Amino acid sequence: MIEVENLTKRFGSTLAVDTVSFTVKPGEVVGFLGPNGAGKTTTMRIITGLIYPQSGTARVNGKDIWDEPVDVRKLLGYLPEATPLYDEMNVMDFLGFVATVRGIPPREIAARVERMIEVCSLQTMAFKDISELSRGFRQRVGLAQALIHDPPALVLDEPTSGLDPTQILEIRRLVRELGKEKAILFSTHILDEANKTCDRILIINNGRLVGEGSPHDLAAMASGETIYSLEFKGDTELLTEKLPDHFKVTHSRPGGEGYTGLELACSDPADHSEELFDLTVSVGGKLRQLSRKEATLEDVFLELTKGGEA
Amino acid sequence: MRHVLAIYRKELRLYFDSPIAYIFIVVFLAITSWLFFRTFFLIRVASMRSFFAIIPWLCMFFIPAVSMRLWAEERKTGSNELLMSWPLQEWEVVLGKYLAALTVYVVTIILTTPLAIVVGALGSPEWGVIVGSYLGCIFLGAAILAIGTFISSLTSNQIVAFIVSVIIVAGLTIVGQPLVTMFLQGPLTVLVPYAEWLGLANHFSSISRGVIDSRDIIYYILLAALPLYLTVKSIQASKVG
Ligand SMILES: Nc1ncnc2c1ncn2[C@@H]1O[C@H](COP(=O)(O)OP(=O)(O)O)[C@@H](O)[C@H]1O
Ligand SMILES: [Mg+2]
């Protein structure tokens, strides 16, 4: 279990992480979604004890980063962004070294390394120097390194960046598999990926958490609105007046041939198309087109993160 | 200790898997042997005096070349992110890396001992002086290496680490030399003993005389311990930044 409480981290004048709180429970893959520079890496580095926040704290299985940083690291597997590794070592030696510093008893190291090579499908690369590996294999060595001590919590910083589609699918499958028991925090700047891999998504922008929920919840959240667009000919003012309270006119423009293009935001997620149709008839107008659009996860994401561009 | 040992073994392998250690050893041996045999053939005296006299000046350049990569390289490739995410204490990593670099240096110094055997075969040297001088070499190197380690932990650029270390070591070496102390005149003469005490090479020459004085040993131990302590602090400080 990873618990993050009111984390704040400033680099000079940049507020990289701003009072962020969340938890990741065992058996849960939580997507940490946000554009570049949002503060994902900074948050993850704090959890791993690589840097300290100005205020707030993080705990892993109850161990606090301030009080027991070494114990926190024992409970974590961490895959840094861009997968830095010791390029001069070969895969076997590197994993053996990690096993040693991870405190695995010498008698068990060979078996554990063997197991990681299997889990991460590194058989063909076992005796290759890490510098010779392709991006996909490097990433797997990075994962093997994070998993070798079978930690209860994993922090993976953009584990699929730079991989081809097949490799991405493999990594996602592995993450979902591991996520059955472990608490996994998985960062990405790709919405679709968070959607497909994670049980729950945290959206971060400019250092602040701006949204949280299952992929389904977030789509429903859709800023709480459904958009109806229609082309109407008749008494627009009367129609607007008669609209029920859950509708709000967001746009109105001439649509040609005497029609007016209207866009209505509806705060009720249920389908109100029929109601709208009947209303236009009741005010004696004509309807040329009527469509209803639910906001997608993309819209939510764009909406929630648009503050950042300013 | 297991952690220190694991880091030590990894670092030592990185030295000997790459050309650095070999280049270091070969060049160091070539220069010292050349100086040794030159005096040997020119003045027909088999003595190690000129060999030991040159050691502080060689160490000034050679040891920063060994220490420059210790931290700077990790910072540059980002592998320190990985290293520090493992359950290691900062001092364990600092010590493991330091001892590995020290091993490269000590091995090099040991490889110069055939020169002493040549001297022994050709004459009757004062063995006490030779043993003392070798001990001095190790202490001197250990102190310079600690300074280089600290400087390397402050930058991600190996060349910068090298140059800054050489400058600092050079400063510490010449501060006790007559070259500097002769300028301390008038009221400044009170500083002369301090400058001499601070000088890296002065303690080396007194150990080389075969007199093992605890003050010299304490000086070198302090000079090795302080930069290593500062290295641990600088790594801890970079986490708060
Ligand atoms: N070591 C650092 N020094 C200064 N600024 C930093 C440092 N690390 C991150 N930042 C800044 O903090 C913000 C968040 O960065 P980061 O956490 O890397 O975002 P993400 O991983 O979401 O792309 C960015 O504006 C970045 O420039
Ligand atoms: Mg990042």
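The legends below describe close-up views of a predicted model, beginning with the interface of chain B and chain A and ending with two cysteines of chain A.

**View 1. The interface of chain B and chain A in the predicted model.** Contact joins 26 residues of chain B to 32 residues of chain A, and the area buried between the two chains is about 2,500 Å², with carbon and sulfur atoms giving 60% of that figure. Of the area that chain B buries against chain A, 26% is supplied by B:Arg2, B:Trp86 and B:Lys239, which is more than any other three residues supply.

**View 2. Salt bridges and polar contacts between chain B and chain A.** Two salt bridges are counted between these chains, and in a salt bridge the side chain of B:Arg13 meets that of A:Asp93 at 2.7 Å, N to O. Twelve residue pairs are found in polar contact across the interface, with both residues of each pair at pLDDT 80 or more.

**View 3. The side of chain B that touches chain A.** At least two residues of this side come from each of the helices H1 (2-17), H4 (69-77), H5 (79-83) and H13 (214-240) of chain B, and H1(B) gives the largest share, seven residues. By residue type, this side of chain B divides into ten nonpolar, nine polar and seven charged residues.

**View 4. A:Cys120 and A:Cys198, neither of them in a disulfide.** Over all chains the structure holds zero disulfides, and for A:Cys120 the nearest cysteine sulfur is that of A:Cys198, 18 Å away, whereas a disulfide would need the sulfur atoms to lie within 2.5 Å. A:Cys120 is buried, with a relative accessible area of 2%, and A:Cys198 is likewise buried, with a relative accessible area of 7%.

Methods:
Residues numbered from 1 in each chain as written. Chains lettered and ligands numbered in written order. Predicted model: local features only at pLDDT ≥ 70, side-chain atom pairs only at ≥ 80, totals over all residues. Heavy atoms only, no water. Buried < 20%, exposed > 50% of the residue type's maximum accessible area, 1.4 Å probe, protein only. Contact = heavy atoms within 4.5 Å. Buried area = accessible area lost by both parts, 1.4 Å probe. Salt bridge = Lys/Arg side-chain N within 4 Å of Asp/Glu carboxyl O. Polar contact = N/O pair within 3.5 Å; in protein donor to acceptor, adjacent residues only side chain to side chain. Helix = DSSP H or I, 4+ residues; strand = E, 2+ residues; numbered from the N terminus. Nonpolar A, V, L, I, M, F, W, Y, C, P; charged D, E, K, R; others polar.
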